[in-house]
Every structure is written in structure tokens, then in C-alpha cells.
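Work through the exercises below with the structure open beside you, and try each task before you read its solution.

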Amino acid sequence: MPSYTVTVATGSQWFAGTDDYIYITLVGTEGCSERTLLDKPLYNDFERGAVDSYDVTVGENLGEMELVKIEKKKYWVHDDWYCKYITVKTPSGDYVEFPCFHWLVDDKEVVLRNGKALLPKDDKTRLVKQHRHKELESRRKTYRWREWQPGIPMSIDANTHKELPRDIQFDSEKGVDFILNYSKAIENLCVNQFMHMFQSSWNDFADFERIFVRIKNTISEYVMQHWKEDFMFGYQYLNGCNPVMIQKCTKLPEKFPVTHDMVADCLEREMTLEEEIEAGNIYIADYELMEDISPNSTDPCTLQYLAAPICLLYNNSQSKILPLAIQLGQTPGKDNPIFLPSDGQYDWMLAKIWVRSSDFHIHQTVTHLLRTHLVSEVFGVAMFRQLPAVHPAYKLLLPHIRFTIAINTKAREQLICEFGIFDKARGVDSPEDLPYYYYRDDGNRVWDVTKSFVWDVVCIYYDSDDTVQKDEEIQAFVKDVCSFGMQDFDCCGFPKSLKTREELTEYLTVIIFTSSAHHAAVNFGQYDWCSWIPNAPPTMRKPPPRQKGVVDVKFIIQSLPDRGRSCWHLGAVWALSQFQENELFLGMYPDEHFIEKPVKEAMESFRKRLAEVSSVIKIRNEGKKLPYYYFSPDRIPNSVAV
């Protein structure tokens with residue numbers, strides 16, 4: 001009688017093994033096996049990290065292997081099991097791979113397709129077509145949309161991490177709990193003694209160093225030493241942790257009436273302000289999104305304040321970005337003066353501090369939360385709803401939304417609040433105009449390499465633009481993102497359909513880049529740039545000044561966060577800047593969802609090109625006091641998971 005050898009791999013993560021009964025049914029084009037218990041006498045099957053083999057005897061040859069059904073039944077108590085893959089050796093000696101990478105919970109069954117990636121048009125038999133349909137039907141019931149807050153992208157329908165489908169939960173609840181990570185940060189930074197000192201101001205700027213003593217970090221120490229300098233203020237618009245605010249100023253807005261006489265002493269090219277604007281040397285950062293936003297009231301004993309400043313920036317003759325003028329509100333007037341470098345030392349210092357505080361809020365809520373976390377979650381939910389596991393786009397994207405939905409659900413439980421908007425053209429593309437904009441330059445390098453890889457994969461499965469147009473699953477995915485995930489926001493800019501291979505490549509690259517490289521660039525520098533509190537105040541305790549000449553050091557210190565909030569802030573940016581345990585970086589694909597040789601070759605080429613980018617960035621950074629490494633591929637996690 002024909003015999004098939006079944007090899008089963010159990011995951012190596014915590015609690016992946018099981019003592020429950022595991023049954024298997026093999027399904028081929030000519031028939032199926034009986035439901036067979038996988039069990040060896042006197043042997044502990046399906047232990048964590050184990051690879052076990054079993055013989056399945058059948059009455060006759062099953063033909064070409066199409067499906068494998070796995071069932072888990074309770075032995076004593078329900079015991080979850082993580083199956084990585086199953087390999088079937090046929091009587092003729094052929095090996096057929098069935099990637100799984102699923103948790104089986106309760107009395108659950110999973111039906112697997114063989115590992116070859118296939119578009120809908122490639123399915124020929126009724127059996128596999130039905131399986132494809134049923135898989136998506138089941139997923140749409142599991143992965144449901146929900147509006148978390150009005151005006152921002154939709155999220156998954158789950159209130160807590162434990163309510164998520166087991167497949168997208170963290171491997172270890174403990175390892176990613178925000179409260180635990182914050183506590184660890186506070187302990188590591190030795191700031192416990194200040195944690196409960198709310199309403200207690202620091203004595204002076206040097207006093208902030210009392211919570212800075214444990215920091216051994218080149219960039220953060222440099223920030224502490226130079227944060228008052230205009231150069232440091234301007235440099236962060238290019239290479240800080242929020243390098244997306246700067247825009248070329250082609251015309252001064254009426255709400256920001258800066259004149260040439262105000263800034264003449266700061267201009268270096270013997271040109272008027274208008275001429276500098278026409279020459280492309282003037283930039284602007286406008287925090288209008290902060291207008292009319294109410295500060296939170298987590299501490300009823302301390303009033304907190306926000307501002308919506310506008311900052312004019314100058315690209316000087318040494319290609320340094322320097323602040324020219326700051327207005328702390330959106331409406332000009334006597335009680336909203338334009339602060340200048342020529343003003344008193346403390347007037348100018350406080351104006352810059354207010355801009356940095358507003359920049360911190362925009363960074364956390366828009367640049368970081370919205371444009372990486374929430375957008376990536378939309379892609380992830382739509383992917384699970386519209387793309388079956390056999391689809392090449394599913395296999396390509398899955399590593400890049402790993403844990404994203406879980407971290408966002410955790411954040412909604414414990415950390416974040418509402419707000420949002422999307423990106424626009426900023427006029428900063430030219431290396432000649434802004435030669436030290438490493439965020440742009442390194443980002444373009446990673447983008448180009450990623451897009452080339454995605455193009456290689458797309459061309460393996462799509463032989464023409466017509467194939468893209470006729471792929472109803474990819475079209476449903478794109479439509480779900482725009483019409484449901486983004487709620488058809490006019491400003492979201494996402495298409496509802498794709499017509500060419502180039503468009504599909506661009507779309508998939510956006511997803512991968514957003515959830516990996518862009519998130520890394522705006523997340524992992526938070527400790528570097530925000531740990532020195534005066535450089536990134538998370539809250540301000542006095543309102544913005546309405547006139548000049550009334551500010552002194554004491555006023556500034558009383559405006560900055562108190563001791564307790566400073567410590568919570570320091571712990572938060574430390575925790576957010578840490579890589580996860582067993583982090584997977586860009587180009588690392590240990591779970592083999594693809595089995596085809598051409599895709600594996602494309603992955604290997606991708607890794608080599610990423611290594612070249614890392615090398616270029618490393619050489620560029622040598623000897624720099626402010627190295628920029630956030631886009632270095634060896635420091636870019638595959639997905640948004642922190």
C-alpha cells in the first residue's frame with residue numbers, strides 16, 4: 001500500500017508546543033487519505049522547536065498533492081500549538097511543501113495549500129477554488145473593520161490584545177507590555193526618585209542633567225550640549241526624529257508677516273528676503289494642525305498648554321538650516337509677536353522651545369502614530385481580508401505587518417490619543433539645495449532597493465498589465481484599503497484600483513517601506529533627540545508669551561515639564577527606541593512563505609543590495625559627531641512592532 005511521509009515542524013517561540021491530539025488528512029487530485037492521528041509510542045510529539053516525521057498509509061495513490069488538513073483536539077485541557085510547516089514525501093519520492101505559520105487554538109483545524117504562490121487565474125480545480133473562497137470568507141469574519149476615532153483610518157475590531165486573532169498576537173504578552181517596558185526604562189535610567197514629583201519644577205537647565213546621568217549616547221549628549229544653538233535647532237528639521245516638517249517657502253503666507261528688515265541681519269548673500277525666497281533659500285515649518293487642539297488634563301493640578309507655531313528657516317551660505325523667525329500662533333497681531341534671533345536671549349530661546357514642543361506632538365501623533373502605525377494596520381487588516389495565503393502579494397507583505405496590529409491594539413489600550421493628517425509635496429527633493437538631508441538621501445536609497453526587489457517579485461507572477469487588472473483579489477485589497485480602511489478620505493491619496501505592473505510595484509513598495517524603513521527613521525531616534533527634555537518638551541506648563549521682554553530663565557524652567565513628567569517622558573522615549581527581542585531586520589525572511597527558486601534568488605539579491613546601502617551609510621557616518629543611521633538597513637526592522 002502507498003505510504004506518504006509527513007514531516008511536521010513546530011515553532012520555536014514560547015509555548016509553541018502542544019500535548020493535544022494532532023490529526024492529518026492528505027488531499028490529492030485522485031483522492032484523500034483517512035483522518036490519521038500523528039502519534040509515536042513513548043514519544044513526546046510536537047514539542048517546541050521539534051521537527052517530527054510520521055508515515056501515512058493510503059489505499060491508493062492520491063495523485064498530485066493539493067491540500068493538507070490539520071486538526072487539533074483537546075487531550076486534557078486546550079493547549080495551543082504553532083505549526084510552522086508540513087512537508088509531504090510522496091511514494092514517488094517527491095517532496096511537497098505546505099507552509100503553515102499558524103496557531104491552532106481550541107479544537108481548530110487548518111487547511112493548507114502547497115507552498116507555490118498562485119494568482120486566482122492559476123487555480124484550475126474546483127477543490128482549490130473552493131478552498132480559496134472559504135479561506136477569505138472565514139478571514140473576513142475574523143478580521144473586521146472598526147472606527148476607533150472619527151477622522152482617522154479604521155482599525156481592527158478588537159478592544160484588547162487578547163481579543164485579537166491568535167495568529168497576530170505577540171508571541172510573548174509580557175515582552176511588549178508598555179507598562180512593563182516603561183518600568184524597566186525608569187529602573188535602567190535610575191530616575192525612580194523623581195517619578196512622583198509632579199508640580200515640582202527643576203531649578204535650572206543643569207538640573208535636568210540629574211535624570212541624564214545614565215545616558216551613554218553620542219547623539220543625545222551632543223544634543224544636551226548644543227540644544228540652545230540655532231544650528232542644532234535647524235539641523236533637526238533635516239535629520240532629527242521628525243524630518244518631514246520642512247517645506248520650501250515659495251511665498252510668505254499672509255498669516256506670517258515677516259519683513260526683510262526683521263531678518264536682514266541674518267541673511268548672508270546680500271539679497272533681500274524676497275530674493276532669498278525666489279532663489280529657493282527660504283523654508284518654512286507650519287504647525288497649523290495644532291491650532292484649536294485642547295491639551296489633555298491627566299493632572300488636574302497642572303494646567304498644560306499647546307501652541308501652533310510657524311517657523312521660517314534659512315539655508316545659509318554654508319548649507320546650514322537656521323531659524324529666521326518664529327510666530328507662536330496662527331493669527332498675527334500685537335499679542336502674537338514674531339520672535340527673532342536679534343531678540344533677547346531668553347525670548348528667542350523660549351520661542352524655539354515652543355516650536356520643539358509642537359514638533360514633538362506632531363511627530364508622535366502624525367509622523368509616527370498615523371503615518372506608520374495606523375496606515376500599516378490598514379494595509380494589514382485589508383490584506384487578511386482580501387488576500388489568501390497562496391497569493392504572492394500575501395506572502396510578500398506578511399513579514400512586513402508582523403505584530404503591527406498587535407502593537408497598535410496594545411497602544412490603544414495603554415498609550416495613545418486621537419489626531420491625524422496625511423503627507424504632501426514639500427519641495428525638498430534637490431540634493432543641491434539641501435546637501436545634508438540624510439533622511440531624504442538614505443530613504444531614497446532604501447526605497448530604490450526595495451522597489452527593485454518588489455518589481456522582481458511582481459514580474460515573476462504578473463506577465464502583463466492585463467494580469468494585474470484581472471486579479472480580482474489584488475483589486476479587492478486595494479479597494480478595501482481606500483474605501484474602508486481610509487474611509488474614502490479625500491486627502492488620503494490611495495487608489496481604488498491598479499492598472500499596471502508598475503502601479504502594483506509602487507503600491508506594494510509603499511506598504512513595505514512605510515512599515516519598515518519609514519517607521520525606523522521616525523521611531524528609533526526618539527531617545528537620541530528627545531531624551532534631553534528642553535529639546536523636546538512633551539508638555540508646557542505656561543502659555544506662550546504674548547509679548548517680548550518678559551521672559552527670564554525662571555519663567556522658562558516653570559514652563560518646561562515638572563520632574564515627574566520629565567521622568568515619564570524619558571522612560572517613554574527610551575522604551576520606544578528599543579528593538580524587540582529577536583528582531584527581524586529588513587531583508588530577513590526566516591519563515592519561508594515562498595518556495596519558488598526565482599523569488600528566493602530575488603530575496604538574496606535584495607539582501608546584498610541592502611548590505612551595500614548599510615556599508616555606504618556606515619562609511620558616510622565615520623567621524624561625524626551627529627551620525628545618521630536610522631535608514632541603515634541593518635537597523636530597520638521588517639515591520640512596525642514597537
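The exercises that follow deal with aromatic rings and their surroundings.

The model is predicted, so local features need pLDDT of at least 70 and side-chain atom pairs count only at pLDDT 80 or more, while totals for chains, interfaces and linings use all residues. Residues are numbered from 1 along each chain as its sequence is written, and side-chain values use heavy atoms, with hydrogens and water left out.

**Exercise 1.** Classify the aromatic pair of Tyr21 and Tyr75, and state which parts it ties together.

*Solution.* Rings of Phe, Tyr and Trp (its six-membered ring) pair if their centres lie within 6.5 Å, and planes under 30 degrees apart count as stacked, over 60 as edge-to-face and the rest as tilted. A search of the whole structure finds 26 such pairs. For Tyr21 and Tyr75 the centres are 5.5 Å apart with 80 degrees between the planes, which is edge-to-face. Tyr21 lies in strand S2 and Tyr75 in the loop between strand S6 (65-73) and strand S7 (81-89), so the pair ties together parts that are 54 residues apart in sequence. Strands (E, at least two residues) and helices (H or I, at least four) are DSSP runs, numbered from the N terminus.

**Exercise 2.** Do the same for Tyr235 and Trp529, and decide whether they are buried or exposed.

*Solution.* This pair is tilted, at 6.1 Å centre to centre and 35 degrees between the planes. Tyr235 belongs to helix H4 (residues 230-239) and Trp529 to helix H14 (residues 526-530), so parts 294 residues apart in sequence are tied together. Both Tyr235 and Trp529 are buried, where buried means under 20% relative accessible area, exposed over 50% and partly exposed in between (1.4 Å probe, protein chains only).
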